[in-house]
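This briefing is for a reader who is new to the structure shown below. It begins with the cysteines and then takes up the cores, the helices and some single residues.

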Amino acid sequence: MSDILRLLVRMFAIALGFFAGCLAAGLAYAFLARLVVPEDFGRFSELELTVTLVIGVFGVASLFARAVLLPAFAIIAIFEFWRRRDWLSHALAGGGIALAASSLQMTTTMNSAAAATTEPSWLIAVHVACGIIGASIYWLFTGRNAGRWLPSQRAKTTDIADIES
């Protein structure tokens with residue numbers, strides 16, 4: 001397979017993993033921020049609850065994706081070229097990006113009525129937890145194979161040895 005085709009396949013996998021991570025973070029946010037509580041499962045019809053949950057998860061996931069798109073892709077590029085495949089690095093990076101985005105959002109909207117109704121530390125903790133969950137799902141889909149599309153060092157040295165001899 002050519003190098004360009006490998007790169008295109010990897011970029012598609014990265015986009016798919018990022019989408020799955022944002023959906024997982026949105027689902028986690030729906031339950032952690034108590035947008036959906038277990039008592040709702042008995043009060044509403046299944047169809048109404050399902051539609052509300054799906055629309056809510058996709059809405060929150062799109063907001064998360066918009067907030068962290070550029071920093072996440074910068075970290076993903078760094079992890080790809082450094083071949084970082086461990087879960088902990090991805091989880092910490094997701095939590096750090098979520099913390100930065102949440103803190104930035106808190107400083108810009110601190111005077112609004114919505115920010116005054118919830119505890120800021122709880123909201124930041126929920127965002128960081130969702131970032132870790134989203135990054136873990138990204139790692140599960142895509143991050144475990146970071147940098148595998150790059151040519152290996154062994155292949156480079158054998159190519160050089162073949163050229164010299």
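Cys 130 counts as buried because its relative accessibility is 1%, below the 20% cut-off. The model is a predicted one. Cys 22 is buried as well, at 8% relative accessibility. A search of the whole structure finds zero disulfides.

**Cores**

- Cys 130 belongs to the largest nonpolar core, which has nine residues.
- The other members of this core are Ala 25, Ala 28, Tyr 29, Val 60, Phe 64, Met 106, Leu 123 and Val 126.
- At least two residues of this core come from each of α1 (3-32), α3 (46-82) and α6 (120-141).
- Apart from this core lies another one, of six residues, and Cys 22 is among them, as are Phe 18, Ala 61 and Val 68.
- In soluble globular proteins, nonpolar side chains tend to be buried together.

**The chain as a whole**

- The protein chain holds seven helices and zero strands.
- Read from the N terminus on, its elements run α-α-α-α-α-α-α.
- Of the 165 residues in the protein chain, 32% are buried.
- Among contacts in the protein chain with a separation of 6 or more, 82% are between residues 24 or more positions apart.

**Helices α1 and α6**

- Helix α1 has 30 residues, which at 1.5 Å a residue should span 44 Å; the C-alpha atoms at its ends are 42 Å apart, and this agrees.
- Helix α6 has 22 residues and an expected span of 32 Å, in agreement with the 32 Å between its end C-alpha atoms.
- The two helices α1 and α6 pack at an angle of about 145°, and their axes are 7 Å apart.
- The crossing of α1 and α6 is right-handed.
- On the α1 side, the contact is made by Ile 14, Gly 17, Phe 18, Ala 20, Gly 21, Ala 24, Ala 25, Ala 28, Tyr 29 and Leu 32.
- On the α6 side, the residues in this contact include Trp 122, Leu 123, Val 126, His 127, Cys 130, Gly 134 and Tyr 138.
- Buried residues of α6 include Leu 123, Val 126, His 127, Cys 130, Gly 131, Gly 134, Ala 135, Ser 136 and Tyr 138.
- An α-helix has 3.6 residues a turn, so residues three or four places apart point the same way.

**Gly 26, His 127 and Ala 100**

- Gly 26 is found in helix α1, and it counts as buried because its relative accessible area is 0%, under the 20% cut-off.
- Not counting residues up to four places away in sequence, Gly 26 touches Val 57, Val 60, Ala 61 and Phe 64.
- Gly 26 and His 127 are 101 residues apart along the chain, and their C-alpha atoms are separated by 9.9 Å.
- His 127 has its place in helix α6 and is buried, with a relative accessible area of 13%.
- Leaving out residues up to four places away in sequence, His 127 touches Tyr 29, Phe 64, Ala 98, Ser 102 and Gln 105.
- Ala 100 has its place in helix α4 and counts as partly exposed, at 48% relative accessibility.
- From Ala 100 to His 127 the distance is 9.8 Å, C-alpha to C-alpha, and the two are 27 residues apart in sequence.

**Positive phi angles in two loops**

- Arg 34 comes just after α1, in the loop between α1 and α2 (40-43).
- The phi of Arg 34 is near 60°, a positive value in a residue other than glycine.
- Arg 34 is exposed, because its relative accessible area of 55% is over the 50% cut-off.
- Arg 83 lies in the loop between α3 and α4 (87-108).
- Arg 83 is not a glycine, yet it has a positive phi of about 55°.
- Arg 83 is partly exposed, with a relative accessible area of 31%.

Note on methods:
Residues are numbered from 1 along each chain as its sequence is written. This is a predicted model: local features need pLDDT of at least 70, side-chain atom pairs count only at pLDDT 80 or more; totals for chains, interfaces and linings use all residues. Side-chain values use heavy atoms; hydrogens and water are left out. A nonpolar core is a set of buried Ala, Val, Leu, Ile, Met, Phe, Trp, Tyr and Cys residues joined through side-chain atoms within 4.5 Å. Buried means under 20% relative accessible area, exposed over 50%, partly exposed in between (1.4 Å probe, protein chains only). Helices (H or I, at least four residues) and strands (E, at least two) are DSSP runs, numbered from the N terminus. A disulfide is a pair of cysteine sulfur atoms within 2.5 Å. The expected span of a helix is 1.5 Å times one less than its number of residues. Contact means heavy atoms within 4.5 Å. Axes are lines fitted to C-alpha atoms, for helices over the stretch in contact, and angles run from 0 to 180 degrees between N-to-C directions. A crossing is left-handed if the near helix is turned anticlockwise from the far one by less than a right angle, and right-handed if clockwise.
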